[in-house]
Amino acid sequence: MAPPVSELLVHHDAIRANAAHFAAATDGRLMAVVKADAFGHGHEGIARVVLDAGASWLGVASAEEALALRAGGIDAPILSWLNAPDADFSAAVAADLDLAVPSPAVLSAVSRAAAQLGRRARVHLHIDLGMAREGCPREGWSALCELARELQSQGAVRVVGIMGHLSCAEVAGHPQSRLERQRFVNAVLAARRRRLSPNVVHLAATAATVTGDGAGFGLHRIGAGLFGIDPSGTSTALRPALSLVTRVVGSREVAAGTGVGYGLDHVAETRTNLALLPLGYADGLPRSASGRAAVLVRGRRRPLVGRFSMDMVVVDTGGERIRPGEPVTVFGPGDAGEPTVAEWAAWAGTIEHELVTRVGARVARVHRVDASAGGSLGRTA
Ligand SMILES: *Cc1c(COP(=O)(O)O)cnc(C)c1O
């Protein structure tokens, strides 16, 4: 069978090193956030890598994501924090998941499911500290704590955690972080006054952990950082963990004045060579980077020219005629001079998280469990 044309190489050694870095930085109080297929890097395999590297918990958004990890044989504690009141909490409780609850409706539903199973659900009360997203609004916190206390005494739930999330943590020392941190401390005190005694209290994600603005609580929920992304832009310890490589499918020499792609937005200034790459915005190359991005061809950066199409882009290789089949690196850790995801994010006007979670299904995933392994396209990155 012909090798796949495009591959997303997942560098386990980088993820392992990043996880070990955070495990050390948090004294082992690391919840590895592996939502959205581990930020686009893969599922149970990555969960195992981060657990082996020192994470003691896993975190995901939906209970379905957590159940998929359980089905893959992961038995570490897993917290899920984003579920509708009518989610299948029976399956979640039966699988021994930890569930974050943002409202009396969700708490009651979890408690009912646990009571029916004759079990005690493990819940984390989730407070909204200011971003008006998934936690309990502060004005509803007392009522949520009261209900938790009551349901806990009836035996169907146990409040094992309290969680909050910072809105502005990517800016070190932001005054909003100080305010939200104080709100969090107050919320924990209010819960304790109602005789709730959570064993884990958790606030910080990657940015607040790197900057220290979220220090002093029990667990750190680290997602982006595991994959070499630091939203605060201040850490130098992290390594990107993906390389996107493809192969040229066609090339041609064109005369000065030749237009390229839809709308003929780009016009060649001189005689040059163009190579066609079989990756487009359906594969995760952001169309908004048209006219700005570059790729690595034969060890040199070459510009992508013209508007990105759904299935393909065109690279201007100057005086070099590239044969079909030659490898091209779209992004990688940057060691060989290839663009990084951070550069792509800047070209597209977005953040790295969006790019790594959007590589399309046509791209084959290749897990490189150690640094020496290559993809089937060779040692291109
Ligand atoms: C995604 C997420 C995290 C992880 O954040 P990173 O910045 O990726 O480390 C932590 N907590 C919650 C509630 C999240 O949604």
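Biologist: Where does the ligand sit in this structure?

Modeller: In this predicted model, the ligand is found in the largest pocket. Two elements each give two or more residues to the shell around the ligand: helix H2 (35-40) and strand S9 (220-222).

Biologist: How many residues surround the ligand, and which are the closest?

Modeller: A residue joins that shell if one of its heavy atoms lies within 4 Å of the ligand. Here 13 residues surround the ligand, with Lys35, Thr206, Arg221, Gly223 and Ala224 the closest. By kind, the shell holds seven nonpolar, three polar and three charged residues.

Biologist: Which atoms of the ligand do the side chains of Lys35, Arg221 and His165 face?

Modeller: For polar contacts, look for pairs of N or O atoms within 3.5 Å. Lys35 places a polar side-chain atom 2.8 Å from an oxygen atom of the ligand. In the side chain of Arg221, an N or O atom is 2.9 Å from a ligand nitrogen atom. His165 has a polar side-chain atom 3.5 Å from a nitrogen atom of the ligand. As for cover, the ligand taken alone exposes 390 Å², and the protein buries 90% of that.

Biologist: Which residues does UniProt list for "binding site"?

Modeller: The unreviewed UniProt entry lists Arg133 and Met310. These positions span 178 residues in sequence and their farthest two C-alpha atoms are 32.8 Å apart, so they do not all gather at one spot. From this set, Arg133 belongs to the lining of the largest pocket.

Biologist: Where along the chain is Arg133 placed?

Modeller: Look in the loop between strand S6 (121-126) and helix H7 (141-154): Arg133 is there.

Methods
Residues are numbered from 1 along each chain as its sequence is written. This is a predicted model: local features need pLDDT of at least 70, side-chain atom pairs count only at pLDDT 80 or more; totals for chains, interfaces and linings use all residues. Side-chain values use heavy atoms; hydrogens and water are left out. A polar contact is a pair of N or O atoms within 3.5 Å; within protein, one must be able to donate a hydrogen and the other to accept it, and residues adjacent in sequence count only if both atoms are side-chain atoms. Accessible areas come from the Shrake-Rupley method with a 1.4 Å probe; for residues, only the protein chains shown count as cover. On a 1 Å grid over the protein atoms alone, a cavity is a set of points where a 1.4 Å probe fits but cannot get out, and a pocket is an open set with protein on both sides within 12 Å along at least five of seven lines; lining residues have an atom within 4 Å of a point. A molecule sits in a cavity or pocket if more than half of its atoms lie within 2 Å of its grid points. Helices (H or I, at least four residues) and strands (E, at least two) are DSSP runs, numbered from the N terminus. Ala, Val, Leu, Ile, Met, Phe, Trp, Tyr, Cys and Pro count as nonpolar, Asp, Glu, Lys and Arg as charged, and the others, Gly among them, as polar. UniProt positions are given in the numbering used here, feature names are shortened, and annotations may be inferred rather than shown by experiment.
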